[in-house]
Amino acid sequence: MAIPNSSLQNDAERQAELHPLGGDTGKPKKSGWLWIVALIVLAGGSYYYYKSRPSSESKAAPAPGSRAAGLGPVSVAVTPALKQNVPYYLSGLGTVSAFNTVTVKSRVDGQLQKVNFKEGQFVHEGELLAEIDPRPFQVALEQMQGQLCRDQAQLNNARVDFARYDKLAKEGVIASQQVDTQNATVGQMEGAVRSDQAQIDNEKLQLIYCKITAPLTGRVGLRLVDQGNMIHASDPGGLVVITQVQPIAVLFTLPEDNLPEVIQHMKREELGVEAYSRDDQNKLAAGKLLTVDNQIDPTTGTVRFKAAFENRDLSLWPNQFVNTRLMLAVRKDAIVVPLAAIQRGTQGSYVYTVKAGKANMQPVKVDLTQGNIALIATGVSIGDQVVVDGQERLQAGTPVEVHNASPSGSGGSAPAPSKDSDHSGAPKNKKQGKPS
(Lines give C-alpha, C1' and ligand atoms only; values in the text may rest on other atoms or scores of the structure.)
Protein backbone atom coordinates (compact mmCIF):
# COMPACT_ATOMS: atom_id res chain seq x y z
CA MET A 1 0.00 0.00 0.00
CA ALA A 2 1.52 3.33 -0.96
CA ILE A 3 1.87 6.12 1.64
CA PRO A 4 1.26 9.64 0.55
CA ASN A 5 4.21 12.07 0.46
CA SER A 6 2.36 14.65 2.53
CA SER A 7 2.05 12.29 5.49
CA LEU A 8 5.74 11.47 5.42
CA GLN A 9 6.69 15.11 5.34
CA ASN A 10 4.50 15.94 8.39
CA ASP A 11 6.03 13.13 10.43
CA ALA A 12 9.51 14.35 9.60
CA GLU A 13 8.66 17.88 10.79
CA ARG A 14 7.32 16.56 14.12
CA GLN A 15 10.48 14.55 14.72
CA ALA A 16 12.58 17.60 13.92
CA GLU A 17 10.69 19.67 16.51
CA LEU A 18 11.00 17.03 19.24
CA HIS A 19 14.65 16.14 18.49
CA PRO A 20 16.65 19.08 17.14
CA LEU A 21 19.67 18.37 15.11
CA GLY A 22 22.98 17.77 16.93
CA GLY A 23 24.52 20.98 15.65
CA ASP A 24 21.99 23.22 17.51
CA THR A 25 21.89 21.50 20.96
CA GLY A 26 25.27 22.84 22.15
CA LYS A 27 24.42 26.56 22.05
CA PRO A 28 22.03 26.81 25.01
CA LYS A 29 24.22 24.66 27.24
CA LYS A 30 27.35 26.67 26.45
CA SER A 31 25.77 30.05 27.30
CA GLY A 32 24.50 28.73 30.70
CA TRP A 33 27.96 27.66 31.78
CA LEU A 34 29.34 31.05 30.82
CA TRP A 35 26.91 32.79 33.16
CA ILE A 36 27.83 30.49 36.05
CA VAL A 37 31.55 31.12 35.55
CA ALA A 38 30.96 34.89 35.39
CA LEU A 39 29.05 34.87 38.70
CA ILE A 40 31.80 32.87 40.39
CA VAL A 41 34.43 35.34 39.22
CA LEU A 42 32.42 38.31 40.44
CA ALA A 43 31.84 36.72 43.85
CA GLY A 44 35.52 35.94 44.25
CA GLY A 45 36.53 39.45 43.29
CA SER A 46 34.10 40.96 45.77
CA TYR A 47 35.30 38.70 48.59
CA TYR A 48 38.92 39.55 47.89
CA TYR A 49 38.13 43.28 47.79
CA TYR A 50 36.35 43.35 51.15
CA LYS A 51 38.95 41.14 52.81
CA SER A 52 41.83 43.22 51.60
CA ARG A 53 40.25 46.64 52.37
CA PRO A 54 40.48 46.61 56.26
CA SER A 55 44.07 45.45 56.20
CA SER A 56 45.07 48.18 53.77
CA GLU A 57 43.24 50.80 55.82
CA SER A 58 44.82 49.56 59.04
CA LYS A 59 48.20 49.96 57.46
CA ALA A 60 47.41 53.52 56.48
CA ALA A 61 45.66 54.60 59.76
CA PRO A 62 47.61 55.07 63.03
CA ALA A 63 47.00 52.64 65.87
CA PRO A 64 44.74 53.74 68.77
CA GLY A 65 46.60 55.89 71.24
CA SER A 66 49.24 56.86 68.70
CA ARG A 67 49.58 59.54 66.09
CA ALA A 68 50.70 59.45 62.48
CA ALA A 69 54.33 60.22 61.92
CA GLY A 70 53.50 63.38 60.03
CA LEU A 71 51.16 64.90 62.67
CA GLY A 72 53.90 65.96 65.09
CA PRO A 73 54.11 65.65 68.90
CA VAL A 74 51.06 65.42 71.17
CA SER A 75 50.24 68.52 73.25
CA VAL A 76 49.80 67.54 76.92
CA ALA A 77 49.56 69.21 80.33
CA VAL A 78 51.94 68.08 83.05
CA THR A 79 52.57 68.80 86.71
CA PRO A 80 55.36 67.63 89.01
CA ALA A 81 54.87 65.04 91.73
CA LEU A 82 55.09 66.78 95.11
CA LYS A 83 55.97 65.78 98.65
CA GLN A 84 53.64 67.15 101.34
CA ASN A 85 51.77 66.27 104.52
CA VAL A 86 48.28 64.99 103.74
CA PRO A 87 45.59 64.51 106.41
CA TYR A 88 43.69 61.23 106.33
CA TYR A 89 39.93 61.79 106.65
CA LEU A 90 36.84 59.66 107.09
CA SER A 91 33.82 61.33 105.50
CA GLY A 92 30.23 60.98 106.66
CA LEU A 93 26.84 62.63 106.57
CA GLY A 94 25.73 64.62 109.59
CA THR A 95 22.95 66.73 111.05
CA VAL A 96 23.46 69.77 113.26
CA SER A 97 21.78 69.47 116.65
CA ALA A 98 21.50 72.03 119.44
CA PHE A 99 23.21 71.06 122.68
CA ASN A 100 20.06 72.02 124.61
CA THR A 101 16.56 72.93 123.47
CA VAL A 102 13.99 74.22 125.95
CA THR A 103 10.34 75.10 125.41
CA VAL A 104 9.63 77.88 127.90
CA LYS A 105 6.24 77.42 129.58
CA SER A 106 4.38 79.23 132.31
CA ARG A 107 4.18 77.51 135.69
CA VAL A 108 1.11 79.50 136.78
CA ASP A 109 -2.16 80.51 135.18
CA GLY A 110 -2.78 84.15 134.38
CA GLN A 111 -2.75 86.93 131.82
CA LEU A 112 0.50 87.54 129.88
CA GLN A 113 1.20 91.13 130.89
CA LYS A 114 4.62 91.84 129.35
CA VAL A 115 6.91 90.28 126.75
CA ASN A 116 10.50 91.45 127.23
CA PHE A 117 12.25 89.68 124.35
CA LYS A 118 12.41 90.01 120.58
CA GLU A 119 12.18 87.10 118.20
CA GLY A 120 15.64 85.83 117.28
CA GLN A 121 17.29 87.55 120.24
CA PHE A 122 20.13 85.97 122.18
CA VAL A 123 19.34 85.74 125.88
CA HIS A 124 21.37 84.69 128.90
CA GLU A 125 20.40 82.34 131.69
CA GLY A 126 18.18 84.09 134.26
CA GLU A 127 17.25 86.96 131.94
CA LEU A 128 13.61 88.12 132.24
CA LEU A 129 11.54 87.01 129.23
CA ALA A 130 7.92 87.74 130.18
CA GLU A 131 5.67 88.71 133.10
CA ILE A 132 2.26 87.39 134.14
CA ASP A 133 -0.21 89.58 136.05
CA PRO A 134 0.90 89.08 139.70
CA ARG A 135 -2.06 90.76 141.46
CA PRO A 136 -4.15 87.62 142.10
CA PHE A 137 -1.16 85.92 143.72
CA GLN A 138 -0.33 89.04 145.75
CA VAL A 139 -3.86 89.09 147.16
CA ALA A 140 -3.65 85.40 148.04
CA LEU A 141 -0.34 86.03 149.79
CA GLU A 142 -1.79 88.82 151.94
CA GLN A 143 -4.73 86.60 152.81
CA MET A 144 -2.46 83.83 154.01
CA GLN A 145 -0.40 86.30 156.00
CA GLY A 146 -3.57 87.44 157.81
CA GLN A 147 -4.55 83.85 158.55
CA LEU A 148 -1.07 83.26 159.95
CA CYS A 149 -1.46 86.22 162.31
CA ARG A 150 -4.79 84.85 163.53
CA ASP A 151 -3.43 81.37 164.14
CA GLN A 152 -0.37 82.76 165.92
CA ALA A 153 -2.64 84.71 168.28
CA GLN A 154 -4.67 81.58 169.01
CA LEU A 155 -1.43 79.65 169.60
CA ASN A 156 -0.22 82.23 172.13
CA ASN A 157 -3.56 82.08 173.97
CA ALA A 158 -3.47 78.30 174.04
CA ARG A 159 0.02 78.35 175.51
CA VAL A 160 -1.03 80.79 178.28
CA ASP A 161 -4.01 78.58 179.17
CA PHE A 162 -1.77 75.52 179.22
CA ALA A 163 0.61 77.21 181.67
CA ARG A 164 -2.32 78.21 183.91
CA TYR A 165 -3.89 74.74 183.85
CA ASP A 166 -0.59 73.11 184.58
CA LYS A 167 -0.13 75.23 187.72
CA LEU A 168 -3.66 74.57 188.95
CA ALA A 169 -3.26 70.84 188.32
CA LYS A 170 -0.15 70.77 190.48
CA GLU A 171 -2.13 72.45 193.30
CA GLY A 172 -4.89 69.87 192.88
CA VAL A 173 -7.51 72.37 191.81
CA ILE A 174 -8.23 70.80 188.37
CA ALA A 175 -7.86 67.36 186.97
CA SER A 176 -4.73 66.48 184.99
CA GLN A 177 -6.91 65.46 182.03
CA GLN A 178 -7.81 69.09 181.42
CA VAL A 179 -4.10 69.93 181.30
CA ASP A 180 -3.48 67.24 178.71
CA THR A 181 -6.35 68.48 176.59
CA GLN A 182 -4.98 72.01 176.65
CA ASN A 183 -1.54 70.72 175.70
CA ALA A 184 -3.07 69.02 172.65
CA THR A 185 -4.76 72.26 171.70
CA VAL A 186 -1.38 74.01 171.79
CA GLY A 187 0.02 71.38 169.41
CA GLN A 188 -2.87 71.84 166.99
CA MET A 189 -2.35 75.56 166.88
CA GLU A 190 1.37 75.12 166.27
CA GLY A 191 0.52 72.88 163.29
CA ALA A 192 -1.90 75.50 161.92
CA VAL A 193 0.79 78.17 162.15
CA ARG A 194 3.26 75.96 160.24
CA SER A 195 0.65 75.27 157.60
CA ASP A 196 -0.03 78.97 157.22
CA GLN A 197 3.68 79.64 156.83
CA ALA A 198 3.91 76.99 154.09
CA GLN A 199 0.98 78.56 152.28
CA ILE A 200 2.69 81.93 152.47
CA ASP A 201 5.88 80.47 151.00
CA ASN A 202 3.85 78.90 148.20
CA GLU A 203 2.19 82.20 147.35
CA LYS A 204 5.58 83.88 147.28
CA LEU A 205 6.77 81.18 144.89
CA GLN A 206 3.76 81.81 142.64
CA LEU A 207 4.75 85.46 142.55
CA ILE A 208 8.24 84.44 141.45
CA TYR A 209 6.73 82.25 138.72
CA CYS A 210 4.87 85.30 137.43
CA LYS A 211 8.24 86.43 136.08
CA ILE A 212 9.37 83.99 133.40
CA THR A 213 13.15 83.86 133.01
CA ALA A 214 15.47 82.13 130.52
CA PRO A 215 16.52 78.69 131.78
CA LEU A 216 19.71 78.72 129.64
CA THR A 217 21.79 80.89 127.36
CA GLY A 218 20.70 80.61 123.76
CA ARG A 219 18.75 82.02 120.86
CA VAL A 220 15.06 82.78 121.15
CA GLY A 221 12.80 81.49 118.41
CA LEU A 222 9.48 82.82 117.19
CA ARG A 223 6.99 83.94 119.84
CA LEU A 224 4.20 81.43 120.32
CA VAL A 225 1.89 83.57 122.51
CA ASP A 226 1.17 87.26 122.19
CA GLN A 227 0.96 89.76 125.00
CA GLY A 228 -2.49 90.02 126.61
CA ASN A 229 -3.47 86.37 126.20
CA MET A 230 -4.41 84.09 129.06
CA ILE A 231 -1.83 81.36 129.49
CA HIS A 232 -1.94 78.22 131.62
CA ALA A 233 0.61 75.83 133.00
CA SER A 234 -1.08 73.02 131.06
CA ASP A 235 -0.71 74.70 127.63
CA PRO A 236 1.15 72.28 125.30
CA GLY A 237 2.81 74.89 123.08
CA GLY A 238 4.52 77.05 125.64
CA LEU A 239 5.62 80.65 125.29
CA VAL A 240 8.80 80.38 123.20
CA VAL A 241 11.58 77.90 122.32
CA ILE A 242 15.22 78.59 123.23
CA THR A 243 18.04 76.65 121.56
CA GLN A 244 21.66 76.62 122.63
CA VAL A 245 23.71 77.21 119.47
CA GLN A 246 27.04 78.21 121.02
CA PRO A 247 28.46 75.62 121.31
CA ILE A 248 26.53 73.31 119.02
CA ALA A 249 26.67 69.60 118.21
CA VAL A 250 26.79 67.59 114.99
CA LEU A 251 25.59 64.00 114.84
CA PHE A 252 27.09 62.03 111.94
CA THR A 253 27.42 58.40 110.90
CA LEU A 254 30.29 56.26 109.65
CA PRO A 255 30.38 52.64 108.50
CA GLU A 256 30.87 50.12 111.28
CA ASP A 257 34.07 48.93 109.56
CA ASN A 258 35.73 52.22 110.55
CA LEU A 259 34.81 51.90 114.23
CA PRO A 260 37.92 49.99 115.42
CA GLU A 261 40.22 52.43 113.65
CA VAL A 262 38.45 55.45 115.15
CA ILE A 263 38.47 54.02 118.69
CA GLN A 264 42.17 53.23 118.36
CA HIS A 265 42.97 56.84 117.45
CA MET A 266 40.62 58.22 120.16
CA LYS A 267 42.66 56.46 122.83
CA ARG A 268 45.81 58.29 121.74
CA GLU A 269 44.59 61.80 121.03
CA GLU A 270 41.66 64.13 120.56
CA LEU A 271 40.28 63.84 117.02
CA GLY A 272 39.26 66.84 114.97
CA VAL A 273 36.07 67.07 112.92
CA GLU A 274 35.32 69.48 110.09
CA ALA A 275 31.85 70.39 108.84
CA TYR A 276 31.28 71.26 105.17
CA SER A 277 28.32 72.63 103.26
CA ARG A 278 25.76 70.51 101.45
CA ASP A 279 27.71 70.71 98.17
CA ASP A 280 30.88 69.70 100.04
CA GLN A 281 32.76 72.76 98.76
CA ASN A 282 32.78 75.27 101.64
CA LYS A 283 34.18 74.59 105.09
CA LEU A 284 31.72 75.80 107.72
CA ALA A 285 33.37 75.04 111.06
CA ALA A 286 36.01 72.97 112.83
CA GLY A 287 35.41 71.13 116.07
CA LYS A 288 36.33 68.01 118.02
CA LEU A 289 34.90 64.55 118.45
CA LEU A 290 33.07 64.07 121.74
CA THR A 291 31.83 60.52 121.87
CA VAL A 292 30.66 57.43 119.99
CA ASP A 293 27.23 55.89 120.34
CA ASN A 294 27.03 52.73 122.44
CA GLN A 295 25.54 50.56 119.69
CA ILE A 296 25.59 49.95 115.95
CA ASP A 297 22.47 50.48 113.88
CA PRO A 298 21.74 46.99 112.48
CA THR A 299 19.51 48.29 109.68
CA THR A 300 22.19 50.50 108.10
CA GLY A 301 25.42 49.05 109.48
CA THR A 302 26.57 52.48 110.68
CA VAL A 303 27.65 54.04 113.97
CA ARG A 304 26.65 57.48 115.21
CA PHE A 305 29.27 59.96 116.39
CA LYS A 306 28.84 63.28 118.19
CA ALA A 307 31.12 66.27 117.64
CA ALA A 308 31.13 69.69 119.28
CA PHE A 309 31.70 73.04 117.52
CA GLU A 310 32.15 76.48 119.07
CA ASN A 311 30.06 78.01 116.26
CA ARG A 312 31.11 81.56 117.05
CA ASP A 313 30.11 82.84 113.61
CA LEU A 314 26.78 80.93 113.66
CA SER A 315 27.67 79.06 110.48
CA LEU A 316 25.91 75.96 111.85
CA TRP A 317 22.18 75.90 112.50
CA PRO A 318 20.05 73.26 114.24
CA ASN A 319 18.75 70.53 111.88
CA GLN A 320 21.15 71.67 109.14
CA PHE A 321 22.53 68.97 106.83
CA VAL A 322 26.35 68.93 106.62
CA ASN A 323 29.15 66.78 105.30
CA THR A 324 31.60 65.82 108.03
CA ARG A 325 35.25 64.80 107.87
CA LEU A 326 36.86 63.07 110.81
CA MET A 327 40.64 63.44 110.66
CA LEU A 328 42.41 60.34 111.93
CA ALA A 329 46.04 61.02 111.05
CA VAL A 330 48.41 63.02 108.86
CA ARG A 331 50.55 61.25 106.28
CA LYS A 332 53.98 62.83 106.58
CA ASP A 333 56.07 63.55 103.46
CA ALA A 334 53.71 61.72 101.10
CA ILE A 335 54.24 61.79 97.33
CA VAL A 336 51.10 63.21 95.74
CA VAL A 337 49.91 63.74 92.18
CA PRO A 338 46.60 65.07 90.84
CA LEU A 339 43.90 62.42 90.72
CA ALA A 340 43.39 63.21 87.02
CA ALA A 341 46.82 61.75 86.26
CA ILE A 342 45.87 58.26 87.45
CA GLN A 343 44.93 55.88 84.62
CA ARG A 344 43.67 52.33 85.03
CA GLY A 345 44.21 49.41 82.72
CA THR A 346 44.21 45.63 82.71
CA GLN A 347 47.56 45.57 84.51
CA GLY A 348 46.49 48.04 87.19
CA SER A 349 47.03 51.76 87.76
CA TYR A 350 49.60 53.75 85.83
CA VAL A 351 50.55 57.31 84.92
CA TYR A 352 52.27 58.92 81.95
CA THR A 353 55.46 60.79 82.74
CA VAL A 354 57.41 63.02 80.38
CA LYS A 355 61.13 62.43 79.97
CA ALA A 356 63.31 63.81 77.17
CA GLY A 357 60.25 65.00 75.27
CA LYS A 358 58.59 61.59 75.14
CA ALA A 359 55.80 59.93 77.08
CA ASN A 360 56.65 57.09 79.40
CA MET A 361 53.97 54.76 80.83
CA GLN A 362 54.81 54.21 84.50
CA PRO A 363 52.91 51.66 86.68
CA VAL A 364 52.09 53.05 90.14
CA LYS A 365 50.60 51.86 93.40
CA VAL A 366 48.04 54.28 94.84
CA ASP A 367 48.06 54.40 98.64
CA LEU A 368 44.85 56.43 99.01
CA THR A 369 42.93 59.26 97.40
CA GLN A 370 41.86 62.48 99.11
CA GLY A 371 39.62 64.73 97.06
CA ASN A 372 41.49 65.69 93.87
CA ILE A 373 44.88 64.27 94.83
CA ALA A 374 46.27 60.74 95.03
CA LEU A 375 49.00 59.49 97.36
CA ILE A 376 51.52 57.33 95.51
CA ALA A 377 53.22 54.49 97.37
CA THR A 378 55.54 53.35 94.55
CA GLY A 379 56.17 54.16 90.91
CA VAL A 380 56.68 57.95 90.94
CA SER A 381 59.48 60.03 92.42
CA ILE A 382 59.38 63.59 93.64
CA GLY A 383 59.66 66.03 90.75
CA ASP A 384 58.58 63.60 88.01
CA GLN A 385 56.53 65.38 85.35
CA VAL A 386 53.15 63.64 85.34
CA VAL A 387 50.67 64.10 82.50
CA VAL A 388 47.29 65.35 83.72
CA ASP A 389 45.61 66.10 80.38
CA GLY A 390 45.88 64.43 76.97
CA GLN A 391 46.62 60.86 78.13
CA GLU A 392 44.04 59.39 75.74
CA ARG A 393 46.34 60.18 72.80
CA LEU A 394 49.52 58.77 74.31
CA GLN A 395 51.37 55.53 74.34
CA ALA A 396 54.89 54.65 75.46
CA GLY A 397 57.44 56.59 73.43
CA THR A 398 55.01 59.11 71.91
CA PRO A 399 56.65 62.52 71.33
CA VAL A 400 54.93 65.17 73.44
CA GLU A 401 54.83 68.93 73.66
CA VAL A 402 54.22 70.41 77.13
CA HIS A 403 51.98 73.44 76.83
CA ASN A 404 51.84 74.45 80.49
CA ALA A 405 55.52 74.30 81.36
CA SER A 406 56.67 76.36 84.31
CA PRO A 407 58.80 79.44 83.75
CA SER A 408 61.82 77.54 85.02
CA GLY A 409 61.38 75.00 82.23
CA SER A 410 60.80 72.06 84.56
CA GLY A 411 57.92 70.93 82.43
CA GLY A 412 54.91 71.83 84.55
CA SER A 413 53.68 74.03 87.32
CA ALA A 414 52.77 72.62 90.70
CA PRO A 415 49.15 72.97 91.72
CA ALA A 416 48.91 75.80 94.20
CA PRO A 417 46.95 75.13 97.40
CA SER A 418 43.46 76.54 97.25
CA LYS A 419 42.20 79.11 99.69
CA ASP A 420 40.35 76.33 101.48
CA SER A 421 43.54 74.31 102.10
CA ASP A 422 44.68 73.67 105.64
CA HIS A 423 48.17 73.88 107.06
CA SER A 424 49.18 70.59 105.47
CA GLY A 425 48.50 71.84 101.98
CA ALA A 426 45.73 69.34 101.27
CA PRO A 427 42.53 70.72 99.77
CA LYS A 428 39.57 70.89 102.04
CA ASN A 429 36.95 69.76 99.56
CA LYS A 430 38.08 66.16 99.64
CA LYS A 431 36.12 62.97 99.94
CA GLN A 432 36.86 60.01 102.08
CA GLY A 433 39.95 58.16 100.96
CA LYS A 434 40.60 54.48 101.47
CA PRO A 435 43.92 52.71 101.15
CA SER A 436 44.06 50.60 98.02
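Biologist: In what order do the four strands of the open sheet with β6 stand?

Modeller: The order is β7-β6-β4-β9, with antiparallel pairing. Before we go on, this is a predicted model, where local features need pLDDT of at least 70 and side-chain atom pairs count only at pLDDT 80 or more, while totals for chains, interfaces and linings use all residues. Residues are numbered from 1 along each chain as its sequence is written, and side-chain values use heavy atoms, leaving out hydrogens and water.

Biologist: What makes β6 and β7 a pair?

Modeller: Two strands pair if DSSP finds at least two bridges between them. Strands here are DSSP E runs of at least two residues, and helices are H or I runs of at least four, numbered from the N terminus. Three bridges join β6 (residues 128-132) to β7, so the pairing rule is met. In that pair, E131 stands opposite K211.

Biologist: Which strands are at the edges of that sheet?

Modeller: β7 (211-213) and β9 (230-231), since each pairs on one side only.

Biologist: Which strands make up the open sheet that holds β10?

Modeller: That one runs β3-β10-β8-β5, again with antiparallel pairing. Its edges are β3 (101-104) and β5 (122-123). Four bridges join β3 to β10 (residues 240-243), and V104 has V240 as its bridge partner.

Biologist: Why does the length of α4 agree with what a helix should span?

Modeller: The expected span is 1.5 Å times one less than the number of residues. For the 34 residues of α4 (residues 176-209) that gives 50 Å, and the end C-alpha atoms are 50 Å apart, so the two agree.

Biologist: Which elements help cover the buried residues of α4?

Modeller: The cover includes α3 (135-171) and β7. Buried means under 20% relative accessible area, exposed over 50%, and partly exposed in between, with a 1.4 Å probe and protein chains only. Among the buried residues of α4 are V179, M189, I200 and E203.

Biologist: What makes you say that E203 has no salt bridge?

Modeller: A salt bridge needs a side-chain nitrogen of Lys or Arg within 4 Å of a carboxyl oxygen of Asp or Glu. Lys and Arg count as positive, Asp and Glu as negative, and His and the chain ends are not counted. For E203, the nearest side chain of opposite charge, K204, is 11 Å away, so the cut-off isn't met. Leaving aside neighbours within four places in sequence, E203 is in contact (heavy atoms within 4.5 Å) with F137, A140, L141 and M144.

Biologist: Why is N311 called buried?

Modeller: N311 has 3% relative accessibility, so it counts as buried. This residue is in the loop between β14 (302-309) and β15 (321-338), and its phi is near 55°, a positive value in a residue other than glycine.

Biologist: And why is L314 called partly exposed?

Modeller: L314 comes in at 28%, so it counts as partly exposed. L314 is also in the loop between β14 and β15, with a positive phi of about 60° although it is not a glycine.

Biologist: Which residues touch the most other members of the largest nonpolar core?

Modeller: L112, L129 and I242, out of 31 residues. Such a core is a set of buried Ala, Val, Leu, Ile, Met, Phe, Trp, Tyr and Cys residues joined through side-chain atoms within 4.5 Å. A second, separate core of 29 residues includes V303 and I373.

Biologist: Last one: what kind of peptide bond runs from Q246 to P247?

Modeller: That bond is cis, with omega near 0°.
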